[in-house]
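Please load the model in the viewer and set the side chains to a stick representation. The tour below proceeds by selection, with a short account of what each selection shows.

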Amino acid sequence: STLKAGGYQIPVVLHERASQVTLPDDSPVIYDTQINLTVTVQVETVALDLTGTTISNTERYQGQSQAAAAAVNSPTVGVEYKGLEFRPETGGSWSKNVPDQDEAGQYQVRAVYGYDPDIYHIDLDMCGEGYTLEKAADSNTVYLIHDYTITAYDVEDIAVEALKPTYSGE
């Protein structure tokens, strides 16, 4: 099991037994000893590492059916994933309501995690590139934040560039 931060005194019993020790006169001796020890362990918290955690499907297309956004590779020990929340990029309140896919716009999405403060502390740099990590001031909650974009889907926006083949003479 996982030890929480703090000091521990752990009793250990060293039991040593040898039943076939022979003396020079070939008489058997039974050797049995027990030593009681105490091991002191000091456990410290570690930084909650979200560098491998991502939020998938954050680039959306207006009016197109796509898989829902989801947190991927979330930690599991001492951490509880509580879901995703969204808000406009300009700010405002966070909501569990997914933005309307029929309207283009710039948003933010955040994965919400509860964590055990006896196991973890928060280092705001422990997230992947393109992500921001924020800690809630009044609880053991941390947020992994990323951009969430719904782009207008228009065939006129598609650009194609002709290939420029080269002949190497071979």
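**First stop: R110 and E85**

Select R110 and E85, whose side chains meet in a salt bridge with an N to O distance of 2.6 Å. This pair links distant parts of the chain, with R110 in strand 8 and E85 in strand 7 (residues 79-88), 25 residues apart. The model is a predicted one, and every distance quoted on this tour is computed from it.

Now colour both residues by accessibility. R110 has a relative accessibility of 10%, which is under the 20% limit, and therefore counts as buried. E85 stands at 15% and is likewise classed as buried.

Keep R110 selected and add Y143. The charged end of R110 sits over the ring of Y143, at 3.7 Å from the ring centre. R110 thus appears in two arrangements: the salt bridge with E85 and the placement over the Y143 ring.

**Second stop: D116 and K4**

How many salt bridges does the structure hold? There are 2. Besides the pair already visited, select D116 and K4, where the side chains meet at 2.3 Å, N to O. D116 lies in the loop between strand 8 (105-115) and strand 9 (120-121), while K4 belongs to the segment before strand 1, so this bridge ties together parts that are 112 residues apart in sequence.

Are D116 and K4 buried or partly exposed? D116 is buried, with a relative accessible area of 16%. K4, at 35%, is partly exposed. As general background, side chains of opposite charge can pair when their charged atoms come close.

**Third stop: L3 and the nonpolar patch**

From K4, move to L3, which is also placed in the segment before strand 1. Its relative accessibility is 38%, so L3 counts as partly exposed. Leaving aside neighbours within four places in sequence, L3 is in contact with Y8 and V43. For a backbone check, display the C-alpha atoms of L3 and Q42: these residues are 39 apart along the chain, and the two atoms are separated by 9.7 Å.

Next, show the molecular surface and select L3, I10, V12, L14, I35, L37 and V39. Together these residues make a nonpolar surface patch of about 510 Å². Strand 1 (6-22) and strand 2 (28-43) each supply at least two residues of the patch. L14 is one of the members to inspect individually: its place is in strand 1, and at 43% relative accessibility L14 counts as partly exposed.

**Fourth stop: the aromatic pairs**

Hide the surface and display the aromatic rings. The count comes to 3 aromatic pairs. Select Y81 and Y113, which form a tilted pair, 5.5 Å centre to centre and with 50° between the planes. This pair links distant parts of the chain: Y81 is in strand 7 and Y113 in strand 8, 32 residues apart. Y81 is partly exposed at 37% relative accessibility, whereas Y113 is buried, with a relative accessible area of 0%.

Continue to Y107 and Y148. The ring centres of Y107 and Y148 are 6.4 Å apart and the planes stand at 75°; the angle is over 60 degrees, so the pair is edge-to-face. Y107 lies in strand 8 and Y148 in strand 11 (residues 141-151), so the pair ties together parts that are 41 residues apart in sequence. Both Y107 and Y148 are buried.

Add F86 to the selection. Ring pairs link F86, Y107 and Y148 into a cluster.

**Last stop: two asparagines in loops**

Finally, turn to the backbone torsions. Most residues other than glycine have a negative phi. Which value does the phi of N57 take? The phi of N57 is positive, near 60°. N57 lies in the loop between strand 4 (54-56) and strand 5 (59-61), and with a relative accessible area of 34% N57 is partly exposed.

Then select N73, which has a positive phi of about 65° although it is not a glycine. N73 lies in the loop between strand 6 (70-72) and strand 7. With a relative accessible area of 59%, N73 is exposed.

Conventions: Residues are numbered from 1 along each chain as its sequence is written. This is a predicted model: local features need pLDDT of at least 70, side-chain atom pairs count only at pLDDT 80 or more; totals for chains, interfaces and linings use all residues. Side-chain values use heavy atoms; hydrogens and water are left out. Patches are made of residues with over 30% relative accessible area and no salt bridge: like charges are joined within 9 Å, nonpolar side chains (Val, Leu, Ile, Met, Phe, Trp, Tyr) within 5 Å. Accessible areas come from the Shrake-Rupley method with a 1.4 Å probe; for residues, only the protein chains shown count as cover. A salt bridge is a side-chain nitrogen of Lys or Arg within 4 Å of a carboxyl oxygen of Asp or Glu. Helices (H or I, at least four residues) and strands (E, at least two) are DSSP runs, numbered from the N terminus. Buried means under 20% relative accessible area, exposed over 50%, partly exposed in between (1.4 Å probe, protein chains only). Contact means heavy atoms within 4.5 Å. Rings of Phe, Tyr and Trp (its six-membered ring) pair if their centres lie within 6.5 Å; planes under 30 degrees apart count as stacked, over 60 as edge-to-face and the rest as tilted. A charge sits over a ring if NZ of Lys or CZ of Arg is within 6 Å of the ring centre and within 35 degrees of the ring normal.
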